[in-house]
Amino acid sequence: MGELAFKDNFKLFDGNCVRFNGFDGDKNVLCGVTTYALKHHSPELPEHGLLPGELFLSAYDHFMIQVHQVAREKYKNNNFELSGDIKIMVHDTDWPK
C-alpha cells in the first residue's frame, strides 16, 4: 500500500459529510470528513441547526490540509471504515490537537 495523495478538486457535501478523493497510484480511495467534525472545529459554523452545504464545503476548504493529513495517516495505518462506500472518514476524534 502506497501513500494517499490528493490530486483532484472533487468535493461533495452529502448531508452527513464532505466527500473527497484520495489516490494510491491509480486506485481511487473515497474519503470524507464528518459535518460534526467540521462544526466543532470551524468557528464560522454554528454547532446547531440546519446549514447550507456551501458552508461545509467552505469549512472543508479552510481545513483541507489538516483533513488530508489525517486521512493520509488513517490510510497508512489501515484504519478504514467498516461499512459504506467511504473508505477513510475523518471524525471529530481524529482531529489534530
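User: How much of the protein is buried? What percentage of the 97 residues?
Analyst: Buried residues account for 40% of the 97 residues in the protein. Keep in mind that this is a predicted model.

User: OK. How many helices and strands?
Analyst: There are 2 helices and 4 strands. In sequence order the pattern reads β-β-β-α-α-β.

User: And how compact is the protein for its length?
Analyst: The radius of gyration is 13 Å, close to the 13 Å from the globule rule for 97 residues, so the protein is as compact as a globular protein of that length. The C-alpha trace spans about 40 × 25 × 25 Å along the principal axes.

User: What share of the contacts joins residues at least 24 apart?
Analyst: That share is 44%, counted among contacts between residues at least 6 apart in sequence.

User: Surface next. What's the accessible area, and how much of it is carbon and sulfur?
Analyst: The accessible surface is about 5,800 Å². Carbon and sulfur atoms hold 53% of that.

User: Charges? How many positive and negative, and how far apart are their mean positions?
Analyst: The protein has 10 positive and 14 negative charges. Their mean positions lie 4 Å apart.

User: Let's do the strands. How many residues of S2 are buried?
Analyst: In strand S2, residues 17-24, 8 of the 8 residues are buried, so S2 is largely enclosed by the rest of the structure.

User: Which residues sit on each side of S2?
Analyst: One side carries Cys17, Arg19, Asn21 and Phe23. The other carries Val18, Phe20, Gly22 and Asp24. Both faces are covered, and all of these residues are buried.

User: What does S2 pair with? Parallel or antiparallel?
Analyst: S1, residues 11-13, pairs with S2 in the antiparallel sense over 3 bridges. S2 and S3 also run antiparallel, joined by 8 bridges.

User: Arg19 caught my eye. What's the bridge partner of Leu12 in S2, and what does Arg19 stand opposite in S3?
Analyst: Leu12 has Arg19 as its bridge partner in S2. In S3, Arg19 stands opposite Gly32.

User: And the hairpins? How many residues between the strands, and which ones take a positive phi?
Analyst: The hairpin of S1 and S2 has 3 residues between the strands, and Gly15 there takes a positive phi near 100°. The hairpin of S2 and S3 has 2 residues between the strands. In that turn, Gly25 has a positive phi of about 65°.

User: Where's Lys27?
Analyst: Lys27 is in strand S3, residues 27-34. Beyond neighbours within four places in sequence, Lys27 contacts Gly22 and Tyr75.

User: How far is Lys27 from Arg72, in sequence and in space?
Analyst: Lys27 and Arg72 are 45 residues apart in sequence. In space they are 14 Å apart, C-alpha to C-alpha.

User: Moving to the helices. Thr35: which helix, and is it buried or exposed?
Analyst: Thr35 is in helix H1. Its relative accessibility is 16%, under the 20% cut-off, so Thr35 counts as buried.

User: What does Thr35 touch?
Analyst: Setting aside neighbours within four places in sequence, Thr35 contacts Phe13, Gly15, Asn16, Cys17 and Phe56. Gly15 is the residue with positive phi in the hairpin of S1 and S2.

User: What about Ser42? Where is it, and buried or exposed?
Analyst: Ser42 is in the loop between helix H1 (35-41) and helix H2 (53-76). With 4% relative accessibility, Ser42 counts as buried. Leaving out neighbours within four places in sequence, Ser42 contacts Ala59 and Phe63.

User: Now H2. Compare Glu54 and Lys74: which is buried and which is exposed?
Analyst: Both residues are in helix H2: Glu54 and Lys74. Glu54 is exposed, with a relative accessible area of 59%. Lys74 counts as buried, at 7% relative accessibility.

User: A buried lysine. What does Lys74 touch?
Analyst: Not counting residues up to four places away in sequence, Lys74 touches Asn79, Glu81, Ile88, Met89, His91 and Asp94.

User: Got C-alpha separations for those two? How far is Lys74 from Leu38, and Glu54 from Tyr36?
Analyst: Lys74 and Leu38 have C-alpha atoms 18 Å apart, with their positions 36 residues apart along the chain. For Glu54 and Tyr36, 18 residues apart along the chain, the C-alpha separation is 15 Å.

Methods:
Residues numbered from 1 in each chain as written. Predicted model: local features only at pLDDT ≥ 70, side-chain atom pairs only at ≥ 80, totals over all residues. Heavy atoms only, no water. Rg over C-alpha atoms; globule rule 2.2 N^0.38 Å. Buried < 20%, exposed > 50% of the residue type's maximum accessible area, 1.4 Å probe, protein only. Contact = heavy atoms within 4.5 Å. Areas by Shrake-Rupley, 256 points an atom, 1.4 Å probe, with all protein chains shown as cover. Lys, Arg positive; Asp, Glu negative; His and termini not counted. Charge placed at Lys NZ, Arg CZ, Asp CG, Glu CD. Pairing = 2+ DSSP bridges.
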